[in-house]
Each structure stands twice: as structure tokens, then as C-alpha cells.
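Me: I'd like to learn how to read an interface between two chains, and then how to check the cysteines. Can you walk me through it?

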Amino acid sequence: MCGILAVLGSHDYSPAKRARILELSRRLRHRGPDWSGLFVDEEAGCYLSHERLAIIDPTSGDQPLYNGSKNIVVAVNGEIYNHEALKKSMKEHHYHTHSDCEVIAHLYEDVGEEAVGMLDGMFSFVLVDLRDKSFIAARDPIGITPLYLGWGNDGAVYFASEMKALKDDCERFEIFPPGHIYSSKSGGLRRYFNPAWYSETVIPSTPYDPAVLRTAFEKAVMKRLMTDVPFGVLLSGGLDSSLVAAVASRQLAQTEAANVWGAQLHTFSVGLKGSPDLRAAKEVADYLKTKHHEFTFTVQDGLDAISDVIYHTETYDVTTIRASTPMFLMTRKIKALGVKMVLSGEGSDEIFGGYLYFHKAPSKEELHKETIRKIKALYLYDCLRANKSTSAWGLEARVPFLDKDFMSVAMAIDPAEKMVRKDKGRIEKWIMRRAFDTPENPYLPKHILYRQKEQFSDGVGYSWIDGLKAHAAHQVTDRMLKNAKHMYPYNTPNTKEAYFYRMEFEKHFPQESARMTVPGGPSIACSTAAAIAWDKAWADNLDPSGRAALGVHDSAYPDTITPAATQSGHENAISANGFSNNPMLSNILKPQGVY
Amino acid sequence: MCGILAVLGSYDKSAARRARILECSRRLRHRGPDWSGLWVGDGGGCYLAHERLAIIDPASGDQPLFNETKEIVVAVNGEIYNHELLKAEMQKHNYHTQSDCEVIAHLYEEIGEAVVNKLDGMFSFVLYDTRDQSFIAARDPIGITPLYLGWGLDGSVWFASEMKALKDDCERFEEFPPGHIYSSKQGGLRRYYNPPWFTDIIPSEPYDPLTLRHAFEKAVIKRMMTDVPFGVLLSGGLDSSLVAAVASRHLANNKDSDKWGNKLHSFCVGLKGSPDLRAAKEVADYLGTHHHEFYFTVQEGLDALSDVIYHIETYDVTTIRASTPMFLMSRKIKALGVKMVISGEGSDEIFGGYLYFHKAPNKEELHRETCRKIKALHLYDCLRANKSTSAWGVEARVPFLDKDFIDLAMSIDPAEKMVQLKEGRIEKYILRKAFDDKDDPFLPQHILFRQKEQFSDGVGYSWIDGLKDHAASHVTDLMMANAVHVYPHNTPGTKEAYYYRMLFEKHFPQQSARFTVPGGPSVACSTAAAIAWDKAWSNNLDPSGRAASGVHVAAYTEESPVEVTDINGSVEESPKKKPKLVDGNALEVSALA
């Protein structure tokens, strides 16, 4: 990943302003530790600043990048996987670097704003056309890369990879919506991403073909092995990351990267000592014969990192922070090994309805709509986590499940195939499992291919969540929680844990605009608000204090609710803020009492 | 390098205090990007925080480190080159890690505070003994690694690798002197480093080229101890070329060469077409290193100034000029995955390599000046080399400042170091001669005997011009006129100095901070005492230095790079066109005197 910051339409081109832009851009340097570039053109009215992580063409690909005649300038955070195909399809251009991102400037020269729709990859960029002093900004379809948009008092428009770079200089700012383009010519945002599955009203009906799905996923992984630097795979031992590792490991031998970095795949997993993930990942790594690295952390390590994690991930969403922390810690160790890029398994649960609450989907239509809602919200949750937790240390995360083509295939399948059918032995994500169930040349052992995985923050060790709650209970008193709605009227935290995260967040990001970038609303175990209607027991108990829902946990979570939880009395699976309590998730299916 | 922060005797043991220490320690994270460790003892009254750069034992050497019983805990920034030897000498201990630094805890267990004298390397550490709640802090003999010392209002004592970590929480702070130990038992600082050259005696050992050569070779080899990729900073001057030549020759024999290949990586930085780039390329070609050239533009350098000053924590003009290219280069080196570099600092001080040494009136004066220069290294070149690289998590090792090598080089009769043009002896002659091996040459003759430009010149002449122009556009004459009132301490004497000072004060507004930076008169990097060497210098200590500019003319075909300056400023009025050093001719200076 890289970090970009652009200021367009500023009237100030003094040395002080330049110094200020450099200072703001420095706040993104963790994303791009390898070099900085600043392009300033007073006539065109622009500052384009870039902090670079060099993955492709480390020696010469410093940004910003230009078209042949240098009258189009672009600062990009991302990877364009189809850059070679695009170059071939275009007329002849003079390329200054081997950077995959340079193609954007040339393509824009040829086709203008249409360029955005032609890119296959993850990206956020700001492009300035010096010929007519116009500019565009765009973000990839799903929002794998982050981007924020802000407005200064002087009429300038700001774009930045993370809000920390613009929060102090913009009067108001917000998240740049994924799949959108901002065009100075048309004076605003418009959605350019419009795949067949985007409309929730049309229910797809393509029959399920395991081989087609498998091939599409293999292609998605293969594309992401494009790199000039060492890389690896984040392996939690769950289905999704195991499939990524299995495919990457199998394909590695055929890539150019293998000649340079060796044909043995590096895999990484993190957890408290003896955690379920470490065990599961080890099993998969042994099977795939990867070069496996285990990182352990202590609860104290995690607690000490919370403030940093919130600063980097820029959210106060409880589940995101819980899951980001181990990822953030692991990333530092991965980077210390000299690895700059990892593949990761985000997105599968959204596409295939992998969350356990999907067991309760009343119909295939409802299931399909929920998957679409989940995918559309990824940029607020798992994409945000995966990108910012890794970028905090200059590591790039690539997510093959969110490949544009793969999603088109997966979301065209008749959603009846995604329904959990215990009677037919179909557990969640069955069609993905089935696609890689090739007994003659198995990708994974059967029991791994068909096992149910714990959610990330559980898998790292049960005492992690307990530790977080206990820590929060020390920091937040009952009285504080009682006044929470006056203190934080927007997205009021209703657990001590949520309150604690919110305090840390407000310390780093006190702006009203900042707190508005974080989602809220009711949720059950990671569901969208709409899916709460799936179960009357959920819908009837949307009391923010959630006490009535406690019954759900007790049976779902056989051990005990942590001391912090019982004391506070604010533990609930259903909360007003999308703050679900993960401990129940892993087991929600097992105890029949839930139903 | 790593970053350490220790707070001892803290009255406040709250969770907020812990959070605050983590926040302060985070400011050192550039030094140690690989992992953080925080140890809290004495019921919360004692904090040892560590940000780690993993060079030895990356997998398990996280800090702080402990002795066997875990009663002694230590946070270290540095490398202990003789750790294996020390382990072999001691009684049997069980080691928790393979870290070279762990030996400090075990050795302290055996011999107490005497541990500091036994260590061969560069280090700053804070060690806490839970058995009697005592602690010590120490810094290596020369101050290759940085360390600061501060006092909190609550009675706590703070130690930190860089002052940015303690400046906001200490009522007063200062630089921790090199070669010293702070002992809580004793209640203060004392100097532990006391080599022969610290006395007034003028040494008299005869010069033996081979002995000097072997001592330097040993110093370089010691520094090739690493578990991660490394390289050499190569400017093409004598010192860095010798480092590269020796390292390259020994790499094939080194146990690490299997891991990293036997081709040495060398790195050079400059404006496009700069003298250094050319000179370094020539050396790299001769040695067959895997050479990397990095270019920067004046604008990139200017844009980095604020960062550079934040990182190196000084407003000293020559240090900032030379740090900026090094800072930019370090970022690129790190981007290549290299974590450690060997660098040539210290040679000019030990051998009297600066051009003003040509004017040394006698061997006694020359020797004393070299001693003064070495003792001041921690304020200048050590500070620059360490902090410019640590800014990006790269570790710089400096073989010329090897304890044994210094002892040897400083025991040689200083008459040998005197420049004797008639005998064809230019500066640093004895070092050159030591590596003049006709049968198996380390370097080609013309490189071995060529004079090098100062670092900030070598990166390209327009660099210094660009700095001056930039400063002139930010600092008005009126501002200069009031400089003495705005900055009564170490008043900047030039617009360039004033500009750096403004940036420094923005990052470090504390009175204690500005006192950590040296001042006083200087001619072309000399100490204040050496100004007496030439009447023309001492008579013209006017900070504008105009009257002294004549001194240089003979040394250079055009104008002088050797500016007489107040240490906080250089000659603003010196002609724009940049000087060109005539090979081997600095000695013609005599005409001037």
C-alpha cells in the first residue's frame, strides 16, 4: 500500500502551505515508508503528495506518475493487476517507469474518465489533467483501499488515504464511497461500479458449477502473486485463509516471483500461546508444506497496542478493534522479517453468507440481499481492518475473494445454493468447500475443508476478549456508562468495552466528521440491521442494554460470561452499535437452545 | 539500533502513567520498528520500554532482557561485539535468547557495575536490579549510540535514546555523557571510560603500518556480526572506501556470507552527477560490490529538513547539511530490505583528517586537537550517523571508533600524523600507507591517496547553495538583526543557521533542548581551541567570517569550502560559485599564513 494526499483548488502556494502539506502527508508515512513524492502545480491548483511502499519496480517507480507528455499526473495507492493487458490493448505510449500504476495516466489520456471502470485491482487515486486543469479521484469497487474526502474553508477539496491526514485541515470530511469517482468537471461524486449483482431486487439464477467457481478463485489468487518483493499468506487455519494458502502454494511454482523468492510459500499466523488458530494454521501449513511462522502475543501486548490500533484503523467499532489488534501485532513481526505483501482471506463470509447468523436466513432472496448488503459494507469493517492493520507497518494486504471477476461469478450463482441445509449436510460456505473438494488431487484435507472456524478474534485465544473486557471495566465506571448517551449522543457505546474504545478514538479523532465515518445501528453477530428481522427473538430484544438477549448467550456460550460482562450488565449480542459479542459466535450453531 | 526509554522512581503507578510511557516510547519507534517491549517493576515505579530493531536473533531476542533468575532486567540499544567471548569467560549461565545484549544482565549478576568496562561495542542501556531496587544506566565510550537523561517533577529519573521521548515529561534534561555510568547507588554519574589517550601525555609509539592495518581489519570484521542483510555506505572518500575494501575482502571468509551472498552491497547518495557518486562508483567497480546509487533533488532535501531536524535533534549547521542526504539515503536502503550499514565516521578525528589540521603548529597541538575532536564526536558525526539512519530503522556501525582501534591509533607518536607536504605526506597519511599493499592492493593508488571533499560538498555543490537560498527566502535581514534577542543562547549567525533554529524550536521548544546543542567558534570544523593555530583565523572570528575567507583561496582553485564560521553559521557572503578542491593541494595554504 501507499499513502496519498491531494489538495485541489487551494489558493495558497506559500512555503508555509507546502510545509503543511508535507506535515500532513507524513502522517501517512507508515503506509508508504519507502519514499515520498510531492507534485505541486500552482496553475492547475493542486498538491499531489505520495508516500510510497515499493512493491512493483522498487528502484524507479517513485510517485506521482505521469503520462508520456507529462501533462497528466496521478498519485495512486494500489495495485492494478491488469496493467499489462491494458498496455497491450492501448495504442503505443512512452512509459517512464515499470510501475503498474502508471498505466492509469496513459489510459486516462486515451479514454478519459472511463479509465476507472477498466481497472482491475484495488486502488485509490487522484489524477490531475494539466491540459484543462481538471481532476478526478476514484476508489476501487469494494473499498479495499481506504480513501477520505474533505473540504477546506478556502474552497479546497482534500483527498487522503486515511483521515488522520486531513482531519485537522478540513472543515468537514467523510469517507469517499467505494466504486465512485469524483470528477471536477461534473462537480461531484458518481458511482461507476455497477455489476449485475449490485441491484438487490434481481435474484440470480446461474446454476452452481464447482469447477467454474474454483477456476475463478484460482485466477484471483494468481493475479495477486504479481510482486517484485517478498510476500506470504495470512493463515488462520480457517477455510478462507487455508484456501488462499492452498491455491497460492500450488501456483507459486509457476510464477515469476518464485524464481526470485523461492517456491516455498511463507505463511503467518498469530495468537495467544496455545490458541485455536495457531493449532489450526499449523495443521494446514504442515499439510501444504509452507514455511510457516507463528507469532504469539500476550493479552498485555494487545492491550498496550489498543490506542495505536485505533489511531491506525480509525474506528471505534468493537469487533473491528478486537480483530485488528492481533493482525496489527502480527504485521509488525511480518514486516520485521522483510516481507512487504501478504494475501488474506477477507470477503468470503460476505459473498457466501459465512457468518453463523446466516443459518437463520428465511429464504434465498433474503440471503442474497443480505450478502449484497454485507459486501457493500465491507469497506467499513473487514476491508478497513485488513488494509489499515497491515498498512500501519508498511505491509500490503491483497484479498483475492474480492476480485471483481470472482465476485461476478460467485454472486451470479442461484442463492439457493448458499442456504444452509442441515438436512443435506450443507454447512455455511458449502459451495466454496465443495468447489475445492477434489479427492484426486486434494487442496486441503477433508476435515479442514469442511470444518467450521471460529471468528478471528476468538481464534487468537479466548482470553483475548476476556482480557479486553476486564481491561475496559477498569477504565470505565458504571457512572461513566450511565452518562454515555449524553457524552456520546452519536453511536452511543453501551458496553464498557465500547466506551473504552470510544474514549481512545475521541482522543485521536475529536472531530464530529470523524465519529460520523464509523458505522452504527443494530446488529446481531455481525449482521446488518435488516437481518435482525430473521429471528423474532432478536428483533424483540433490541433494548440497547440488551439484558433480555442475555439468554441467547448463556446457551450459546457454554463457559461463562466474563466478569466484566456480568458486572456491567451491558453485555449483549444485539446492540445499537453493531457491537456484537464474539464469544457466542463460534458456537451459535451448536447449542440447540438458540433456536 | 533500538530505542530505549526508562523511568525510574516514578511516584505515579497508574494505568494512565503506563499509557503515557507507551506514548513516549512510541516516539522512538523509528529506531526499533520490529517490536515493542515494556517491563514494569517495583510495583509500577520502574518502567523499562524498548523499541526493537532485530539484527541478531530476530525471532526471539525481544527486549527487555533478563538474567537467568529474571531478577536483573535490562533494556539495551546497541551491539555487544564481544558477547561470545564474554559468555565463554563467565561461569555457566542459561540464556533466554541468542541476543548479544543479554550478556549484560548475566555479567552484571557476576561483577556488578564493572560490567560496563568489559563491553566491546556501541551501547546505551538501563539495567534494573530487583534484588535491591537499584539501577544503572550507561553509554558507550565515544557516544556512538545516543542517550539522554532527564528529571521529572515527581522525583523520577528518565533515560531515553532520543530527547523527543522525554522532553515533554521532564522538568529538565540533558545529554547523557559518553563513557559514563549513572548508578542509583552512588546517586549520579561517573566516567568509567579512561583510556591512555585521555591523559595529558603525548604518545610515542612508533608507527607500524601493518599493526594499524590489522587493527582496522579486526574492527571491520567484528562489525560484520549480523543475522540480517547489510551493506556499506560508500562516498568514495578514503574512509568509506577503506571500510568497503576491508569488508568486501573479508565477506568471503565470514560465516554470514552464506546467508547474504559474498558480494558486498554498497550505497551512495548525491545530486545527479555529484562528485561522491562518481568517486564511489569508481571504488565500487574496483571492489566489485553490488553498488546502489541514490539521487535526490535539492527540493527533496529541502522538503526533508524539518524531518531531519526532528530526528537528529540539533541545529548545528554542518550536521544538518550532511545529515539530510544520509537521511534520504537511509530510507532507500531500508526500502531494499537492508537493516545495517557500516560507515566511515571517526577517521578524520583520529588521524586529523580535516584540512585545518594542515596548520597544526606542532605534534602536541595536533594530538590534543584529535583528542578534543574524538571527545566531541557524540555531538556531531556520531549523532548524525546514528540518528539519520535510525530515523528509518537502519543501524550504522562505525569501525573507526572501535575501542581497540582507537587505543592503537591514539598511541602512535602524533608526529606521524603531521602533514608534511615536502615529504609527500598529506592528511591521514599513516592510514593510507597502512593499506598501501602493492602485492594485493586494497584500493588503487590514486584513490588511496586522493583528498576527499567534505560530505555535504560531495553530494553536489548546489546542495549547500540550495540550502542557503532557501533559508534566505525564509529569513529576513530584520529577523537576523534581532537574532540575538530571539535566540540569546547560541545565536545563529547566518540565515541558514537561523532557519534551522526555527525548525528546531518548533520541534523542541524547551530550554533544556537548546542546551544539548553545542556552540562556540570554529574554523572549518575545528574546535574553538584550534582557532589559535592561525592568527588570521583568531583575528577574524567575526561570525560573518568575511575577513577569513582569504585563507582558503590557495587551497582551492576558485573559492573556499573551508569557511570560518561561528559554529552556528557559515559565511553568508561567500561567493556563490562553488570551490573545487585541487587534488593534494590543500597544503599550499602555507602561502597564506
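Reply: Let's take the chain contact, then the cysteines, keeping in mind that this is a predicted model.

Me: How many residues does each chain bring to the contact?

Reply: Start by counting both sides. Here chain A gives 25 residues and chain B gives 25 residues. Then look at area: about 2300 Å² is buried between chain A and chain B, with carbon and sulfur atoms giving 45% of it. Next, ask who supplies it. W35(A), R332(A) and K333(A) account for 30% of what chain A buries against chain B, more than any other three residues.

Me: And how many salt bridges cross the interface of chain A and chain B?

Reply: The rule finds ten. One to pull up on screen is D308(A) with R26(B), where the closest N and O atoms are 2.4 Å apart. Polar contacts go on a separate tally: 21 residue pairs across the interface, both partners at pLDDT 80 or more.

Me: Which elements of chain A give two or more residues to the side that touches chain B?

Reply: Those are α1 (15-26), β2 (35-41), α9 (299-313) and α10 (318-336). The largest share, five residues, comes from α9(A). By class, that side of chain A has eight nonpolar, five polar and twelve charged residues.

Me: Now the cysteines. Why is C268(B) in no disulfide?

Reply: Check sulfur distances against the 2.5 Å cut-off for a disulfide. The closest cysteine sulfur to that of C268(B) is in C525(B), 19 Å away, so the gap is too far for a bond. C268(B) is also buried, at 2% relative accessible area. Searching the whole structure gives zero disulfides over all chains. C383(A) is unpaired too, with the nearest cysteine sulfur, that of C526(A), 14 Å away.

Me: Is C383(A) buried or exposed?

Reply: Buried, with a relative accessible area of 5%.

Technical notes
Residues are numbered from 1 along each chain as its sequence is written. Chains are lettered from A and ligands numbered from 1 in the order in which they are written. This is a predicted model: local features need pLDDT of at least 70, side-chain atom pairs count only at pLDDT 80 or more; totals for chains, interfaces and linings use all residues. Side-chain values use heavy atoms; hydrogens and water are left out. Contact means heavy atoms within 4.5 Å. Buried area is the accessible area (1.4 Å probe) that two parts lose on being put together, summed over both. A salt bridge is a side-chain nitrogen of Lys or Arg within 4 Å of a carboxyl oxygen of Asp or Glu. A polar contact is a pair of N or O atoms within 3.5 Å; within protein, one must be able to donate a hydrogen and the other to accept it, and residues adjacent in sequence count only if both atoms are side-chain atoms. Helices (H or I, at least four residues) and strands (E, at least two) are DSSP runs, numbered from the N terminus. Ala, Val, Leu, Ile, Met, Phe, Trp, Tyr, Cys and Pro count as nonpolar, Asp, Glu, Lys and Arg as charged, and the others, Gly among them, as polar. Buried means under 20% relative accessible area, exposed over 50%, partly exposed in between (1.4 Å probe, protein chains only).
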